[in-house]
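Reader: I would like a close look at a single part of this protein, with its surroundings described carefully and then placed in the setting of the whole chain. Could you take me through it in one connected answer?

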Amino acid sequence: MIDGKKVLFSGMQATGTLTLGNFAGALRNWVALSDEYECFYCVVDLHSITVRQEPAELRKRARNLLMLYIAAGLDPAKNCIYYQSHVSGHAELSWILNCFTYMGELNRMTQFKDKSRKHADNINAGLFTYPVLMASDILLFQSDVVPVGIDQMQHLEITRDIAQRFNAIYGDVFTIPEAYVGKTGAKIMSLQDPEKKMSKSDENPNASVYLMDDADTIIRKFKRAVTDSEARICYSDTQPGIKNLIEIYCTLSGKSPEEAVREFEGRGYGDLKLAVGETVVDALKPVQEEFARLSKDKAYIDGIIRENADKANYYATKTLRRVQKKVGFPERIR
């Protein structure tokens, strides 16, 4: 708890370019949480280097991601928005927690297996211990809640296991985090393969809509979206392409699937695709305009980076010093 509020932690990796799925499934919902929680939103750049990155590009993507957090509506005065690499406590706590994590637990993590297949030429130790760093991210701020999707639930479970193991030895050091069970964001699927999630790492450029895509590009991608040959607009699992388009339309327009189906009754797929595309353009326009404004205000963004790094370091150090004392490290002489 900080100032009577429960603590919430989340973040996104500073790789790739944020998609409509990231916006609808996470960013939009984060904005509403700052009144209820003390929120720490991390630009996850330590995790990013488990896969080889071009240094200048990583720095650029990290800064752009931080600006997109703000452009999407996160107030940096109410939310701690910071770079993971600017808070050394993440890495320091991760080493300690590595010593309280079992190989068998890490061997069961599905993400290591998935990434090892994709990056067979770079199966490094960081990929293997990735879940421990993620546990450190969460536990460093004594997080009460963590918004997670189904694909991240395994990471929260191992975080809880590590925290409970440490607490059983040293007392109540860590808050045991819970999954955030408030309003969940829509699960936006690929426009080219509606059986899988829209991803910023998809190799098909037409599969994902990116937050900075211009209007013509967005419309073109929706016109090329995969549908089917049934020639009817229904919100049904038997029509995943159409269901995904309706899901996107409803998420951004505030309409229900039933209302959307009635609206497009008797109309063709082309009408639906165009309407969804135009709705996405309208939803992303203010984000893009604010991002452009922030990009020109270097001093303002630099100030946020400094101030929020200081705030994050303050709370991280409180946890880290307590952990260091518990495991027997010598006190620091000032």
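Author: Phe 222, in this predicted model, touches Leu 20, Leu 191, Val 209, Leu 245, Ile 248, Lys 273, Val 276, Gly 277 and Val 280, a list that leaves out residues up to four places away in sequence. Phe 222 is also, together with Leu 27, Tyr 69 and Val 280, among the residues with the most contacts inside the largest nonpolar core, which has 63 residues. Helix α11, which runs through residues 269–295, gives the most to this core, with 11 residues. A second core, separate from that one, has 38 residues and includes Val 7, Phe 40, Leu 93 and Leu 140.

As for the setting of these cores, 49% of the 334 residues of the protein chain count as buried, and of the contacts between residues at least 6 apart in sequence, 74% join residues at least 24 apart. The secondary structure of the chain comes to 12 helices and 5 strands. Its radius of gyration is 21 Å, close to the 20 Å that the globule rule gives for 334 residues, so the chain is as compact as a globular protein of that length, while the C-alpha trace spans about 75 × 45 × 40 Å along its principal axes.

Turning to the surface, the protein chain exposes about 16,400 Å², of which carbon and sulfur atoms supply 51%. The chain carries 44 positive and 44 negative side chains, and the centres of these two sets lie 4 Å apart.

Methods: Residues numbered from 1 in each chain as written. Predicted model: local features only at pLDDT ≥ 70, side-chain atom pairs only at ≥ 80, totals over all residues. Heavy atoms only, no water. Helix = DSSP H or I, 4+ residues; strand = E, 2+ residues; numbered from the N terminus. Rg over C-alpha atoms; globule rule 2.2 N^0.38 Å. Buried < 20%, exposed > 50% of the residue type's maximum accessible area, 1.4 Å probe, protein only. Contact = heavy atoms within 4.5 Å. Areas by Shrake-Rupley, 256 points an atom, 1.4 Å probe, with all protein chains shown as cover. Lys, Arg positive; Asp, Glu negative; His and termini not counted. Charge placed at Lys NZ, Arg CZ, Asp CG, Glu CD. Core = buried A, V, L, I, M, F, W, Y, C linked by side-chain atoms within 4.5 Å.
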